[in-house]
Amino acid sequence: MTNLGLENSYTSLPTDFYRFTKPEVMPCLELLKLNTELAELLDLDKDFLLSEDGTMFLGGQALPETTKSISLAYAGHQFGQLVPQLGDGRALLLGDKICKDNQRRDIQLKGSGKTMFSRGGDGRAGIGPVIREYLVSESMHYLNIPTTRSLAVLLTGEKVIRETIQPGAILVRVAKSHVRVGTFQFFAIRDQKDHVQRLADFIIDRDFQSIKTKKNKYRLLLENVVEGQANLIAKWMSVGFIHGVMNTDNTSISCETIDYGPCAFMDNYQEKKVFSSIDQFGRYSFSNQALVGPWNLSRFAETILFLLSDDQDKSIKIAEEILLNFEKIFNSTFNEITSKKLGFRLASKHSEKLYNELLALMESGQADFTITLRSLESVLQKSCQNNFIKNFVFHEKKQKNQLNNWLKDWHKLLEREEVDKETAIKRLRSSNPIFIPRNHIIEKVIREASEGNFDQFNQLAKALKEPFTHNSSFVDFYNAPKKEELVQQTFCGT
Ligand code: AMP
Ligand code: MG
């Protein structure tokens, strides 16, 4: 087998960074889904991937001779507690390659068996979490939110025991890199400063080329990661996404959304919404994400303090200044996006106020976040406010008046900004998605998939590719859950 253009840039690092690991032999590999568009971007031959040899390759069973598959070492703060030794417990990096867009990307298997880092775990993944990650990560991509992506789903022929017994599966994941805040922490807590520097140089060389030759490149690295994470989290929050496990080992230095566990999109808007069954105290609730971001980045900054200057006090000052920018960048990106979601060209104090007022009305009126925002379009289009108003459950006159006043203020600001109707409608449509991977739909898809029916999985994956375009064939995916369908809790499924 040719090596498919796979390289192993991570193995240029000292061996403390990884362990050579072979995937376990699986009883009966079967390719369930191939993301042909992503295969194209990766410059991988689609016909090969769809062949039997391709299945064996994607499942890690027949790798090109030159492939050195590895699992990576990392540490991490999990729910605020430092765990010095984590690492890829059920993931395997096959290698990386330069894609057609000139970006280098990793290809990683998740669920391919035990590794040196498995601790008590079985190294397996069940079909539920694999399908969830496939759908949500691809949806994020089409919503223009930086994310790891999903190249393929395979069945392993095994049964995996979690909350339920489910078919075993492997997700083939693609990422700009798998370097996490936790990777830096792994070496920092062992006081291996040379390794921290090697890692910083590695990721700069790989993902931040423009700062490579700059004198203050480590400071610029911190600036870039703070900016990337602030923008990322602002984008999550603009679509009602809750990551669920924002531990530092799940915080990517390449600033992509990574490690989709108990993540979820909100149905009804709730500022403090939590879905994850393990997030008992709401540390990673919807609105807390904007606070956890800088907390995680402070942990990153601590690991590279010694690279910022020779004087520790000065380093701390530099880091603090950069970290303080998180809030500014977050607010500016968030306001820019959300003003567009209301149809405005520019963000202003007024658009910010209107958005916050709308959130408060949605929360008290138990309104569906995605549908309510999208229905603003029909207010302008048909001059029919009812499509919008019917999303809110208000019993008191006072609340109904508040909503009407909000609509008046919104119209007024559109007029004041001289936004013409057509332009505002276009903006509303391109900023407010129709199709998001709703929890109750994902659960239904997973239930069916566990019984061997993958039709809905394929259909939903298709719908999520064009999240902003109305498509009557997919109305079932658009609707909010009925009371009995409502999902209250999501699980890691690890
Ligand atoms: P996560 O919550 O998925 O970010 O995982 C946290 C840690 O647990 C990572 O080090 C994973 O590699 C490890 N882990 C998760 N699930 C498993 C599993 N089934 N077997 C072995 N290790 C696992
Ligand atoms: Mg993780």
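This is a tour of the pockets, cavities and two helix packings of a predicted model.

**Stop 1: the largest pocket**

Select Tyr74, Arg90, Arg119, Asp259 and Thr494. These residues lie nearest the centre of the largest pocket, which is lined by 37 residues. The volume of the largest pocket is about 770 Å³. Now colour strand E7 (104-110), helix H4 (127-142) and strand E10 (165-175), each of which supplies at least two residues of the lining. The largest share, three residues, comes from H4. Sorted by class, the lining has 14 nonpolar, eleven polar and twelve charged residues.

**Stop 2: the second largest pocket**

Move to the second largest pocket, with a volume of about 440 Å³. Its lining is made of 18 residues, and the ones to select are Asp267, Asn268, Gln366, Pro481 and Leu486, the closest to its centre. By class, the lining of the second largest pocket has seven nonpolar, five polar and six charged residues.

**Stop 3: the largest cavity**

Next come the enclosed spaces. How many cavities of 30 Å³ or more does the structure hold? There are two. The largest cavity has a volume of about 80 Å³. To centre the view on the largest cavity, select Gln229, Trp236, Met246, Asn250 and Thr251, the closest to its centre of the 14 residues that line it. Then show helix H7 (217-238) and helix H8 (289-308), the elements that give two or more residues to this lining. H7 provides the largest share, four residues. The lining of the largest cavity has six nonpolar, seven polar and one charged residues.

**Stop 4: the second largest cavity**

Select Val239, Lys341, Phe369, Thr370, Leu373, Asn432, Pro433 and Ile436, which line the second largest cavity. About 40 Å³ of space lies there. Helix H11 (residues 369-381) gives the largest share of this lining, three residues. By class, the lining of the second largest cavity divides into five nonpolar, two polar and one charged.

**Stop 5: H10 against H11**

Keep H11 on screen and add helix H10 (residues 349-364). The axes of H10 and H11 are 11 Å apart, and the two helices pack at an angle of about 130 degrees. H10 and H11 are therefore oblique to each other, and their crossing is right-handed. To see the contact, show the side chains of Tyr355, Leu358, Leu359 and Met362 on H10, with Phe369, Thr372 and Leu373 on H11. This contact has six nonpolar residues, one polar and no charged. Phe369 and Leu373 also belong to the lining of the second largest cavity.

**Stop 6: H10 against H13**

Hide H11, keep H10 and show helix H13 (residues 397-416). How do H10 and H13 run relative to each other, roughly parallel or roughly antiparallel? Their axes come within 11 Å and cross at roughly 155 degrees. Angles over 145 degrees count as roughly antiparallel, so H10 is roughly antiparallel to H13. The crossing of H10 and H13 is left-handed.

For the contact, select these residues:

- on H10: His350, Ser351, Leu354, Glu357, Leu358, Leu361 and Ser364
- on H13: Gln399, Gln402, Leu403, Trp406, Asp409, Trp410, Leu413 and Arg416

By class, the residues of this contact divide into seven nonpolar, five polar and three charged. Leu358 of H10 is a place to finish: it takes part in the contact with H13 and in the contact with H11.

Technical notes:
Residues numbered from 1 in each chain as written. Chains lettered and ligands numbered in written order. Predicted model: local features only at pLDDT ≥ 70, side-chain atom pairs only at ≥ 80, totals over all residues. Heavy atoms only, no water. 1 Å grid on protein atoms, 1.4 Å probe; cavity = no way out; pocket = protein on both sides within 12 Å on 5 of 7 lines; lining within 4 Å. Points joined across faces, edges and corners; volume = space filled by probe spheres on them. Nonpolar A, V, L, I, M, F, W, Y, C, P; charged D, E, K, R; others polar. Axes fitted to C-alpha atoms, helices over the stretch in contact; angles between N-to-C directions. Parallel < 35°, antiparallel > 145°, perpendicular 65-115°, else oblique. Left-handed = near helix turned anticlockwise from the far one by under 90°. Contact = heavy atoms within 4.5 Å.
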